[in-house]
Amino acid sequence: MGAFVKLLDLLLFIYFFFLAIIVPLFDGQSALPKHMFPPVLVDLKSWYTQEYGDYLVSEKPHFFVGLIWLELLFAWPLCVISLYAIVAGKSWLNTTCLLYGVSTLTAMVAILSEMKGSQRASDKLMMVYYPFLAFAVLAILRGLLPHSGKSVSIGKRSAISRKKRA
(Lines give C-alpha, C1' and ligand atoms only; values in the text may rest on other atoms or scores of the structure.)
Protein backbone atom coordinates (compact mmCIF):
# COMPACT_ATOMS: atom_id res chain seq x y z
CA MET A 1 0.00 0.00 0.00
CA GLY A 2 2.93 2.35 0.70
CA ALA A 3 4.14 2.15 -2.92
CA PHE A 4 0.62 2.85 -4.20
CA VAL A 5 0.31 5.92 -1.98
CA LYS A 6 3.70 7.20 -3.15
CA LEU A 7 2.69 6.68 -6.80
CA LEU A 8 -0.59 8.48 -6.15
CA ASP A 9 1.32 11.32 -4.48
CA LEU A 10 3.59 11.60 -7.54
CA LEU A 11 0.63 11.72 -9.94
CA LEU A 12 -1.15 14.29 -7.80
CA PHE A 13 2.05 16.35 -7.46
CA ILE A 14 2.37 16.60 -11.26
CA TYR A 15 -1.33 17.44 -11.58
CA PHE A 16 -1.29 20.06 -8.79
CA PHE A 17 1.88 21.61 -10.23
CA PHE A 18 0.20 21.89 -13.63
CA LEU A 19 -2.89 23.47 -12.07
CA ALA A 20 -0.89 25.87 -9.91
CA ILE A 21 0.38 27.44 -13.13
CA ILE A 22 -2.61 27.06 -15.47
CA VAL A 23 -5.51 28.11 -13.23
CA PRO A 24 -4.51 31.73 -12.59
CA LEU A 25 -3.21 32.25 -16.14
CA PHE A 26 -5.88 30.50 -18.18
CA ASP A 27 -9.03 30.06 -16.10
CA GLY A 28 -8.60 33.47 -14.55
CA GLN A 29 -9.35 35.01 -17.93
CA SER A 30 -12.95 33.81 -17.66
CA ALA A 31 -13.56 35.73 -14.43
CA LEU A 32 -11.10 38.63 -14.41
CA PRO A 33 -10.67 41.54 -16.87
CA LYS A 34 -8.66 40.59 -19.96
CA HIS A 35 -6.32 43.59 -19.67
CA MET A 36 -4.73 41.88 -16.65
CA PHE A 37 -3.25 39.18 -18.88
CA PRO A 38 -0.49 39.36 -21.50
CA PRO A 39 -1.71 39.23 -25.12
CA VAL A 40 -0.01 35.88 -25.71
CA LEU A 41 -2.18 34.26 -23.02
CA VAL A 42 -5.34 35.88 -24.37
CA ASP A 43 -4.46 34.60 -27.85
CA LEU A 44 -3.78 31.11 -26.47
CA LYS A 45 -7.19 31.06 -24.82
CA SER A 46 -8.96 32.23 -27.98
CA TRP A 47 -7.12 29.54 -29.98
CA TYR A 48 -8.27 26.92 -27.45
CA THR A 49 -11.93 28.00 -27.64
CA GLN A 50 -11.85 27.89 -31.45
CA GLU A 51 -9.90 24.64 -31.70
CA TYR A 52 -11.97 22.67 -29.21
CA GLY A 53 -15.26 24.54 -29.58
CA ASP A 54 -15.48 25.19 -25.84
CA TYR A 55 -18.69 27.17 -25.76
CA LEU A 56 -18.62 27.45 -21.96
CA VAL A 57 -15.34 29.37 -22.05
CA SER A 58 -16.44 31.60 -24.93
CA GLU A 59 -20.05 32.26 -23.81
CA LYS A 60 -19.32 32.40 -20.06
CA PRO A 61 -22.68 31.27 -18.61
CA HIS A 62 -23.24 32.42 -15.04
CA PHE A 63 -22.88 29.00 -13.45
CA PHE A 64 -19.55 28.47 -15.24
CA VAL A 65 -18.15 31.82 -14.12
CA GLY A 66 -19.25 30.97 -10.58
CA LEU A 67 -17.36 27.66 -10.80
CA ILE A 68 -14.30 29.53 -12.08
CA TRP A 69 -14.46 31.83 -9.03
CA LEU A 70 -14.76 28.75 -6.82
CA GLU A 71 -11.68 27.35 -8.50
CA LEU A 72 -9.71 30.59 -8.15
CA LEU A 73 -10.61 31.26 -4.53
CA PHE A 74 -10.88 27.74 -3.09
CA ALA A 75 -9.47 24.97 -5.31
CA TRP A 76 -6.35 26.77 -6.55
CA PRO A 77 -5.07 27.58 -3.03
CA LEU A 78 -5.74 23.96 -2.10
CA CYS A 79 -3.55 22.90 -5.05
CA VAL A 80 -0.69 25.07 -3.85
CA ILE A 81 -1.09 23.88 -0.25
CA SER A 82 -1.24 20.26 -1.42
CA LEU A 83 1.98 20.73 -3.39
CA TYR A 84 3.69 21.87 -0.22
CA ALA A 85 2.15 19.02 1.77
CA ILE A 86 3.40 16.42 -0.71
CA VAL A 87 6.94 17.83 -0.77
CA ALA A 88 7.14 18.29 3.02
CA GLY A 89 5.35 15.02 3.84
CA LYS A 90 2.69 16.71 5.94
CA SER A 91 0.00 14.58 7.52
CA TRP A 92 -2.77 17.00 6.55
CA LEU A 93 -2.33 16.20 2.86
CA ASN A 94 -5.29 13.85 3.22
CA THR A 95 -7.53 16.72 4.26
CA THR A 96 -6.46 19.06 1.46
CA CYS A 97 -6.78 16.31 -1.16
CA LEU A 98 -10.23 15.36 0.08
CA LEU A 99 -11.40 18.99 0.04
CA TYR A 100 -9.98 19.59 -3.42
CA GLY A 101 -11.31 16.33 -4.83
CA VAL A 102 -14.88 16.80 -3.61
CA SER A 103 -14.98 20.42 -4.79
CA THR A 104 -13.61 19.58 -8.23
CA LEU A 105 -15.76 16.48 -8.63
CA THR A 106 -18.87 18.55 -7.90
CA ALA A 107 -17.84 21.21 -10.42
CA MET A 108 -16.97 18.63 -13.08
CA VAL A 109 -20.31 16.86 -12.68
CA ALA A 110 -22.10 20.19 -13.22
CA ILE A 111 -19.97 21.07 -16.26
CA LEU A 112 -20.16 17.64 -17.88
CA SER A 113 -23.91 17.42 -17.23
CA GLU A 114 -24.39 20.75 -18.99
CA MET A 115 -22.29 19.59 -21.92
CA LYS A 116 -24.13 16.27 -22.26
CA GLY A 117 -27.54 17.88 -21.79
CA SER A 118 -26.97 20.66 -24.33
CA GLN A 119 -25.53 18.25 -26.91
CA ARG A 120 -23.26 21.07 -28.08
CA ALA A 121 -19.99 19.54 -26.90
CA SER A 122 -17.89 17.43 -29.23
CA ASP A 123 -16.11 14.30 -28.09
CA LYS A 124 -12.86 16.23 -28.47
CA LEU A 125 -14.07 18.81 -25.95
CA MET A 126 -15.35 16.16 -23.55
CA MET A 127 -11.90 14.56 -23.58
CA VAL A 128 -10.47 17.85 -22.31
CA TYR A 129 -12.72 17.79 -19.23
CA TYR A 130 -12.69 14.05 -18.37
CA PRO A 131 -9.12 14.06 -16.96
CA PHE A 132 -10.15 16.69 -14.40
CA LEU A 133 -12.95 14.37 -13.30
CA ALA A 134 -10.48 11.47 -13.03
CA PHE A 135 -7.96 13.47 -11.00
CA ALA A 136 -10.74 14.64 -8.69
CA VAL A 137 -11.54 11.00 -7.97
CA LEU A 138 -7.83 10.29 -7.41
CA ALA A 139 -7.60 13.22 -4.99
CA ILE A 140 -10.62 11.91 -3.06
CA LEU A 141 -9.03 8.45 -2.98
CA ARG A 142 -5.77 9.99 -1.66
CA GLY A 143 -7.75 11.82 0.98
CA LEU A 144 -9.24 8.55 2.18
CA LEU A 145 -5.95 6.63 2.28
CA PRO A 146 -3.67 6.71 5.34
CA HIS A 147 -0.73 9.12 5.48
CA SER A 148 2.39 7.57 3.97
CA GLY A 149 4.80 9.01 6.56
CA LYS A 150 5.61 7.65 9.98
CA SER A 151 2.64 7.84 12.26
CA VAL A 152 2.20 7.45 15.96
CA SER A 153 0.09 4.50 17.00
CA ILE A 154 -3.20 5.26 18.69
CA GLY A 155 -2.42 3.34 21.87
CA LYS A 156 0.65 5.39 22.83
CA ARG A 157 0.36 8.23 25.28
CA SER A 158 1.42 11.71 24.24
CA ALA A 159 4.46 13.47 25.66
CA ILE A 160 2.23 15.76 27.74
CA SER A 161 0.59 12.87 29.56
CA ARG A 162 3.98 11.25 30.24
CA LYS A 163 5.29 14.21 32.30
CA LYS A 164 6.10 13.47 35.89
CA ARG A 165 3.65 14.72 38.39
CA ALA A 166 4.77 16.43 41.53
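**Exercise 1. Is aspartate 9 buried or exposed, and what is its relative accessible area?**

Solution. The model is a predicted one, and the first step is to place the residue, which lies in helix α1. The next step is to compare its relative accessible area of 10% with the cut-off, since buried means under 20%; aspartate 9 is therefore buried. The last step is to look for a polar partner of its side chain, and a polar contact of 2.5 Å joins the side chains of aspartate 9 and arginine 142.

**Exercise 2. Describe the overall make-up of the protein chain, beginning with its helices and strands.**

Solution. Counting the elements gives six helices and zero strands, and reading along the sequence gives the pattern α-α-α-α-α-α. Turning to burial, 36% of the 166 residues in the protein chain are buried, while the chain exposes about 10,200 Å², of which carbon and sulfur atoms supply 69%. Finally, if one takes the contacts between residues at least 6 apart in sequence, 72% of them join residues at least 24 apart.

**Exercise 3. Work out how the length of α4 compares with the span expected at 1.5 Å a residue, and where this helix bends.**

Solution. The helix has 27 residues, so at 1.5 Å a residue it should span 39 Å. The C-alpha atoms at its ends are 38 Å apart, which agrees with that expectation. A bend of about 40° is nevertheless found in α4 at glutamate 71, a residue that is itself among the buried ones of this helix. Beyond the helix comes glycine 89, whose phi is positive, near 70°.

**Exercise 4. Identify the buried residues of α4 and the helices against which they pack.**

Solution. The buried residues include Phe64, Leu67, Ile68, Glu71, Leu72, Ala75, Leu78 and Cys79. In reading such a list, recall that an α-helix has 3.6 residues a turn, so residues three or four places apart point the same way. The buried residues of α4 pack against α1, α3, α5 and α6.

**Exercise 5. Determine which residues have the most contacts inside the largest nonpolar core, and which helices supply it.**

Solution. This core has 38 residues, and those with the most contacts inside it are Leu12, Phe16, Phe64, Tyr100, Ile111, Met115 and Tyr129. At least two core residues come from each of α1, α3, α4, α5 and α6, with the largest share, 10 residues, supplied by α4. As a closing step, take tyrosine 129: leaving aside residues up to four places away in sequence, it touches Tyr48, Asp54, Val57, Phe64, Met108, Ile111, Leu112 and Met115.

Notes. Residues numbered from 1 in each chain as written. Predicted model: local features only at pLDDT ≥ 70, side-chain atom pairs only at ≥ 80, totals over all residues. Heavy atoms only, no water. Core = buried A, V, L, I, M, F, W, Y, C linked by side-chain atoms within 4.5 Å. Buried < 20%, exposed > 50% of the residue type's maximum accessible area, 1.4 Å probe, protein only. Helix = DSSP H or I, 4+ residues; strand = E, 2+ residues; numbered from the N terminus. Contact = heavy atoms within 4.5 Å. Expected span 1.5 Å × (residues − 1). Bend = angle between axes of the 7 residues up to and from the residue. Polar contact = N/O pair within 3.5 Å; in protein donor to acceptor, adjacent residues only side chain to side chain. Areas by Shrake-Rupley, 256 points an atom, 1.4 Å probe, with all protein chains shown as cover.
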